[in-house]
Amino acid sequence: MKKIAFYGKGGIGKSTTASNVSAALSLMGKRVAQIGCDPKNDSTRLLLGHICKETVLDKVRRSEVDEIRKEDIVHTGFNGVTCVEAGGPEPGVGCAGRGIIVALQLLDRMKALPSVDLTLYDVLGDVVCGGFAMPIREGYAEEIYIVSSGELMSLYAANNIAKGIRRFAARGKVRLGGIIGNSRNTPGEKELLTEFAKELHTELIAFIPRDKIVNVAENHRQTVLQYAPDSPQAGVYKKLAKTIWEGTNLSIPTPVTFEELERLAAFYGT
């Protein structure tokens, strides 16, 4: 089983990208599970067609652990994709990172997930918090893909994630699988991301163009693969899914300094 995770700056498009990749892999005949690790519990919305109505932590709060059933927390989405949301505390209360730890440990204890070909963890933000780093630290995910645009703060988050991957790679199997560029139509964006990936000792494995079909599909609570399966954008996600499934070019990243990020952004952005 392939175990992968998508990381990146908040709001960069991880969940949209993850859901479309999961959908594309399922259409390739693969058995896929997507696990949302974000208290907003919106990772699997496009696969389910609605916000997940029962997250793992919702159930933990309302029931005794021994009373929780697999079907309470494991849901089925588009084309049979298994969907789980870790959930989190109410805004302003508790630690979301701790919530991820509790949720993943409970899934393990219950053996709740069915047998699949690929599990995709969709994880909030960067890995400065130990809870959000858990999929890497505890071996839940071995291939990490960083979603980034050409904006400086997105690159900064991506570089931080690379630092975390490098740290955990020293004692385990985790490796960086590549950078996924999610375009914001900034100047020189693709060239900047290509060079940034080289600096990290990896590759830009996809550059996803900004296309309004993504927003239209989201407004219909669907992935592009479901809403517009013959569109060029669907083809981009299919190609990315194939690259990830066949991916063997894994590396230990070499993060750069913030000054180097600024230099790259200034050079390619102008």
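# Notebook: helices, salt bridges and two unusual residues

**Entry 1, N159 and its surroundings.** I began with N159, which is buried, with a relative accessible area of 3%. The model I am reading is a predicted one, and I keep that in mind for every entry below. I then looked up the place of N159 and found it in helix 7. Which residues does N159 touch once its neighbours within four places in sequence are left aside? I listed F196, L200, P255, V256 and L261 as its contacts.

**Entry 2, another residue of helix 7.** I next turned to G164, which also lies in helix 7. Its relative accessible area is 2%, so G164 is buried, because buried means under 20%. I also looked up the separation between the C-alpha atoms of G164 and I136, and I noted 8.5 Å for this pair, whose members are 28 residues apart along the chain.

**Entry 3, helix 7 against helix 8.** I wanted to know how helix 7, residues 152-169, is placed relative to helix 8, residues 189-199, and I found that their axes come within 12 Å and cross at roughly 20 degrees. Helix 7 is therefore roughly parallel to helix 8, because angles under 35 degrees count as roughly parallel. I added that helix 7 passes helix 8 in a right-handed crossing. For the residues that meet, I wrote down L155, A158 and N159 from helix 7, and L192, L193 and F196 from helix 8. Sorted by class, this contact has 5 nonpolar residues, 1 polar residue and no charged ones. The N159 of my opening entry is thus part of this contact, and F196 of helix 8 appears in its contact list as well.

**Entry 4, helix 1 against helix 11.** For a second pair I looked up helix 1 (residues 14-27) and helix 11 (residues 232-246), which pack at an angle of about 75 degrees with their axes 8 Å apart. Are they roughly parallel or roughly perpendicular to each other? Helix 1 and helix 11 are roughly perpendicular, because the range for that description is 65 to 115 degrees. On the side of helix 1, I noted T16, T17, N20, V21, A24 and L25, and these meet Y237, K238, L240, A241, I244 and W245 in helix 11. The residues of this contact divide into 8 nonpolar, 3 polar and 1 charged.

**Entry 5, salt bridges.** Before searching, I reminded myself that side chains of opposite charge can pair when their charged atoms come close. How many salt bridges does a search of the whole structure find? The search finds 13, and I followed up some of them one by one.

I looked up D38 and K40, which form a salt bridge with the closest N and O atoms 2.7 Å apart. D38 counts as buried at 9% relative accessibility, whereas K40 is partly exposed, with a relative accessible area of 49%.

I then checked R62 and E54, whose closest N and O atoms are 3.0 Å apart in their salt bridge. Here R62 counts as exposed at 61% relative accessibility, while E54 counts as buried at 17%.

The side chains of D66 and R109 meet in a salt bridge too, at 3.1 Å from N to O. This pair links distant parts of the chain, since D66 sits in the loop between helix 3 (56-62) and helix 4 (70-73), R109 sits in helix 5 (residues 96-110), and the two are 43 residues apart. D66 is exposed, with a relative accessible area of 70%, and R109 is exposed, with 58%.

I also recorded a network of salt bridges that links K59, R69, E71 and D72.

**Entry 6, positive phi values.** Finally I looked up two residues that are not glycine but have a positive phi, beginning with N41, whose phi is near 50 degrees. Where does N41 lie? I found N41 in the loop between strand 2 (32-37) and helix 2 (45-48), and I noted that it is buried, with a relative accessible area of 10%. The other residue is K111, with a positive phi of about 50 degrees although it is not a glycine. K111 lies in the loop between helix 5 and strand 5 (118-123). Is K111 buried or exposed? At 63% relative accessibility, K111 counts as exposed, whereas N41 is buried.

Technical notes:
Residues are numbered from 1 along each chain as its sequence is written. This is a predicted model: local features need pLDDT of at least 70, side-chain atom pairs count only at pLDDT 80 or more; totals for chains, interfaces and linings use all residues. Side-chain values use heavy atoms; hydrogens and water are left out. Axes are lines fitted to C-alpha atoms, for helices over the stretch in contact, and angles run from 0 to 180 degrees between N-to-C directions. Angles under 35 degrees count as roughly parallel, over 145 as roughly antiparallel, 65 to 115 as roughly perpendicular and the rest as oblique. A crossing is left-handed if the near helix is turned anticlockwise from the far one by less than a right angle, and right-handed if clockwise. Contact means heavy atoms within 4.5 Å. Ala, Val, Leu, Ile, Met, Phe, Trp, Tyr, Cys and Pro count as nonpolar, Asp, Glu, Lys and Arg as charged, and the others, Gly among them, as polar. A salt bridge is a side-chain nitrogen of Lys or Arg within 4 Å of a carboxyl oxygen of Asp or Glu. Buried means under 20% relative accessible area, exposed over 50%, partly exposed in between (1.4 Å probe, protein chains only).
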